[in-house]
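Visitor: I have a model open beside its sequence, and I would like to learn how to read it feature by feature. Could you take me through it?

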Amino acid sequence: MTKIGIFGANGRMGLALIEAVQQSQHCQLGGAFVRASSPHLAQPIANLQPQAPAGSTFSAEQQLGDELDVLIDFTLPEGMLGHLKQAVANKTPMVIGTTGLNTEQMQALEDASRSVPIVFARNFSVGVTLMLDLVQTAAAKLADEMDIEIFEAHHRNKVDAPSGTALAIGEAIAEAKGWDHEQVARYDRTQVHEAKSQQEIGYSVLRAGDIVGEHTAYFATMGERLELTHKATSRLTFASGAVRAAQWLKDKPNGLYSMQDVLGLKK
Ligand SMILES: NC(=O)C1=CN([C@@H]2O[C@H](COP(=O)(O)OP(=O)(O)OC[C@H]3O[C@@H](n4cnc5c(N)ncnc54)[C@H](OP(=O)(O)O)[C@@H]3O)[C@@H](O)[C@H]2O)C=CC1
Ligand SMILES: O=C(O)C1=N[C@H](C(=O)O)C[C@H](O)C1
């Protein structure tokens, strides 16, 4: 049995992760952690997640010990960095799905992976993991005059944009093309009074209602357009992927792993 601790356990993903752990035959919930200031501290988890183990309550993240096999973090970048320090101090492997990391925060994650094994993915679904491979094939094989654009849509509460997944798709395409992603990424065209360059990856973003997560990569030229689209309809998809990653990570050596490693899709 893999004993799993979940940070941000009262969040949208935290609650889906509790359900995914309960559904797994190989994992058990070792701790559902919230901030010390949280109104949910010491309250029954079942108040928010009916699938929670009977009698279980939310714990303060500071109370984390070294008895857990794997920690999972889907919070915000600042919170994730604190949780990462706790994982390193306790020598506990960590699965991280938090998006919106800047360069320094990503560097801190990479540094920590020299002390503990980490799986980091900006999307834990099987479909998007495969899509990262498919867009690289399209980018490498289609003619250079194909225009490349990425569209993403999410629920109204999402705070980072473009989504981590959209950026991962763009970075995968740039890598296949031999481009420097930051040089070719176009996040805003409102001040650009010129035609689209062929070495450009344009991003567009929609925030509305309860959309779980949709991503399309467009490869377009005169007279035709290829669209590769992924639509997630349940957060349990991401949560189940993260729990699968946690189980896979338990006995791995220190290092930074991706969902492609977990699924055996690494080229
Ligand atoms: N990789 C993937 O497959 C996916 C990634 N995500 C990413 O997961 C993250 C969380 O998304 P979601 O669950 O929708 O967000 P929510 O806002 O619903 O939950 C965020 C959780 O993080 C906690 N938190 C925020 N800041 C801190 C902090 N400084 N210290 C400790 N805890 C903190 C919140 O606690 P409190 O309530 O007290 O503020 C809350 O429990 C986002 O980055 C999102 O992009 C989401 C889905 C899939
Ligand atoms: O915040 C979300 O909800 C999601 N975030 C991830 C991202 O930024 O790509 C993954 C998923 O699309 C849902």
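Guide: What follows goes through the domains, their interface, the two ligands, a salt bridge and the backbone. This is a predicted model, in which local features need pLDDT of at least 70 and side-chain atom pairs count only at pLDDT 80 or more, while totals for chains, interfaces and linings use all residues. Residues are numbered from 1 along each chain as its sequence is written, chains are lettered from A and ligands numbered from 1 in the order in which they are written, and side-chain values use heavy atoms, with hydrogens and water left out.

Visitor: Which residues make up domain 1 and domain 2?

Guide: Domain bounds come from an automatic or database domain assignment. Here domain 1 takes in 2-120 + 235-263, and domain 2 covers 126-232. The centres of the two domains, taken over C-alpha atoms, are separated by 28 Å.

Visitor: How much area do domain 1 and domain 2 bury between them?

Guide: The size of an interface is often given as the accessible area lost when the parts come together. Buried area is that loss, found with a 1.4 Å probe and summed over both parts. Domain 1 and domain 2 bury about 880 Å² between them, with 63% of it on carbon and sulfur atoms. On the side of domain 1, T99, R235 and Q260 lose the most area to domain 2, together 43% of what that side buries. If contact is taken as heavy atoms within 4.5 Å, 10 residues of domain 1 touch 12 residues of domain 2.

Visitor: How many salt bridges and polar contacts cross that interface?

Guide: A salt bridge is a side-chain nitrogen of Lys or Arg within 4 Å of a carboxyl oxygen of Asp or Glu, and the rule finds 0 of them across the interface. A polar contact is a pair of N or O atoms within 3.5 Å; within protein, one must be able to donate a hydrogen and the other to accept it, and residues adjacent in sequence count only if both atoms are side-chain atoms. By that rule 1 residue pair is in polar contact across the interface, both residues at pLDDT 80 or more.

Visitor: Which residues are closest to ligand 1 and to ligand 2?

Guide: A residue is near a molecule if one of its heavy atoms lies within 4 Å of it. Ligand 1 is surrounded by 22 residues, the closest being N10, R12, M13, T99 and K158. A polar backbone atom of R12 is 2.8 Å from an oxygen atom of ligand 1, and a backbone N or O atom of M13 also lies 2.8 Å from an oxygen atom of this ligand. Ligand 2 has 13 residues around it, the closest being H154, H155, K158, G164 and T165. Here a polar side-chain atom of T165 lies 2.5 Å from a ligand oxygen atom, and a polar side-chain atom of T99 lies 3.4 Å from one.

Visitor: Where do E149 and K196 lie?

Guide: The whole structure holds 11 salt bridges, and one of them joins the side chains of E149 and K196 (2.5 Å, N to O). E149 is in strand β7 (residues 147-154) and K196 in the loop between β8 (185-186) and β9 (201-207), so the pair ties together parts that are 47 residues apart in sequence. Strands (E, at least two residues) and helices (H or I, at least four) are DSSP runs, numbered from the N terminus.

Visitor: What should I look for in the backbone?

Guide: Most residues other than glycine have a negative phi, and most peptide bonds are trans. A42, although not a glycine, has a positive phi of about 70°, and A42 lies in the loop between β2 (27-34) and β3 (59-60). A161 and P162 are joined by a cis peptide bond with omega about -10°, and P162 is in the loop between β7 and α5 (164-177).

Note on methods:
Buried area = accessible area lost by both parts, 1.4 Å probe.
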